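Visitor: Please take a close look at one helix of this model and set out what it packs against. I would like the packing geometry together with the residues that make each contact.

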Amino acid sequence: MIKSATISRTPSGKYYVSLLVETVVEPLSKIRSNIGIDLGLTDFIVLSDSTKVANPKFLSKLQHKLAREQKILAKRRAVAKADQRKLSDSRNYQKQKIKVAKVYERITNCRKDFLHKLSFNLIKNHDVIAIEDLNVKGMVKNKKLAKAISDSSWSTFTTMLNYKAEWYGKKLVKIDRWYPSSKTCSGCGHLLTKAELPLQVRSWNCPSCLQSNDRDINASINILNEGLKLATLKTVGATGLA
Ligand SMILES: [Zn+2]
């Protein structure tokens with residue numbers, strides 16, 4: 001049933017109709033598989049089953065294109081200013097502005113599409129999905145990580161996982177962001193110090209059990225185990241109340 005329709009116009013001049021639809025979503029069946037997700041830096045996400053999901057290549061291509069078009073836009077702005085013309089009167093500037101908006105919209109759409117497919121597949125193929133509850137705003141302040149994080153759209157992704165888990169009857173568990181998922185050995189629980197695991201170290205051998213750990217896969221296994229612990233606690237708590 002359609003409840004309302006909203007028409008919007010994008011900066012590039014495209015029109016969109018958004019329909020608010022009331023519908024019943026059938027929960028997906030349980031499949032006795034659980035997964036831990038780590039936010040990668042080189043990859044978009046790394047999973048506890050050793051899968052690494054790369055940032056889609058077309059996004060970085062489009063981002064280069066965006067940078068190019070923005071440079072041209074800045075030049076045209078400068079030319080108009082030098083000629084003492086208003087930007088609204090500069091046809092070249094206005095044309096370029098639409099071009100920039102179009103590339104930007106393509107990036108937004110491609111990224112959303114990528115995140116929708118990825119989050120749906122994770123929800124479909126697993127019952128408990130464990131992620132880190134990262135403070136993305138705090139992390140973006142750190143300039144080194146800023147690009148990687150804002151590009152990877154982590155917060156949009158977790159929002160999607162959140163409501164899709166609810167729709168389809170799955171469980172999303174968020175792990176405290178202070179939980180040392182990277183520094184803990186998933187084999188024996190040995191905890192490295194911060195100095196022992198600087199950011200550039202991508203794999204390490206546990207000094208205690210000698211297991212060799214890929215930094216991100218190890219972290220996602222820890223996130224899964226911690227998530228399962230929390231999920232069980234919550235379930236027990238809920239049953240205890242009932
Ligand atoms: Zn170990």
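Guide: The account below follows one helix through its packing partners. This is a predicted model, in which local features need pLDDT of at least 70 and side-chain atom pairs count only at pLDDT 80 or more, while totals for chains, interfaces and linings use all residues. Residues are numbered from 1 along each chain as its sequence is written, and side-chain values use heavy atoms, with hydrogens and water left out.

The helix is α2, residues 91–125; helices here are DSSP runs of H or I of at least four residues, strands are runs of E of at least two, and both are numbered from the N terminus. Helix α1 (residues 57–82) packs with α2 at an angle of about 160°, their axes lying 9 Å apart. Axes are lines fitted to C-alpha atoms, for helices over the stretch in contact, and angles run from 0 to 180 degrees between N-to-C directions. The angle therefore makes α1 roughly antiparallel to α2 (under 35 degrees is roughly parallel, over 145 roughly antiparallel, 65 to 115 roughly perpendicular, and the rest oblique). The crossing of α1 with α2 is left-handed, the near helix being turned anticlockwise from the far one by less than a right angle; clockwise would be right-handed. In contact terms (heavy atoms within 4.5 Å), the α1 residues include L62, L66, I72 and L73, and those of α2 include V100, V103, Y104 and I107. The residues of this contact divide into 12 nonpolar, four polar and eight charged; Ala, Val, Leu, Ile, Met, Phe, Trp, Tyr, Cys and Pro count as nonpolar, Asp, Glu, Lys and Arg as charged, and the others, Gly among them, as polar.

A second partner of α2 is α5. These two helices pack at about 40°, with axes 9 Å apart, and so α2 is oblique to α5. Their crossing is right-handed. Among the residues in contact are L115, L118, F120 and L122 of α2, with F157, M160, L161 and Y168 of α5. This contact divides into 11 nonpolar residues, three polar and two charged.

The sheet comes next. It is open, with five strands in the order β5-β4-β3-β6-β7 and mixed pairing, where two strands pair if DSSP finds at least two bridges between them. Strands β5 (52–53) and β7 (171–175) are the edges, each pairing on one side only. Within the sheet, β3 (residues 34–39) and β6 (residues 128–132) run parallel and are joined by four bridges. Helix α2 packs on the sheet, touching β3, β4 (45–47), β5 and β6, and its direction makes about 15° with that of β4. Helix α5 (residues 154–168) also packs on the sheet, touching β3, β4, β6 and β7, at about 140° to the direction of β7.
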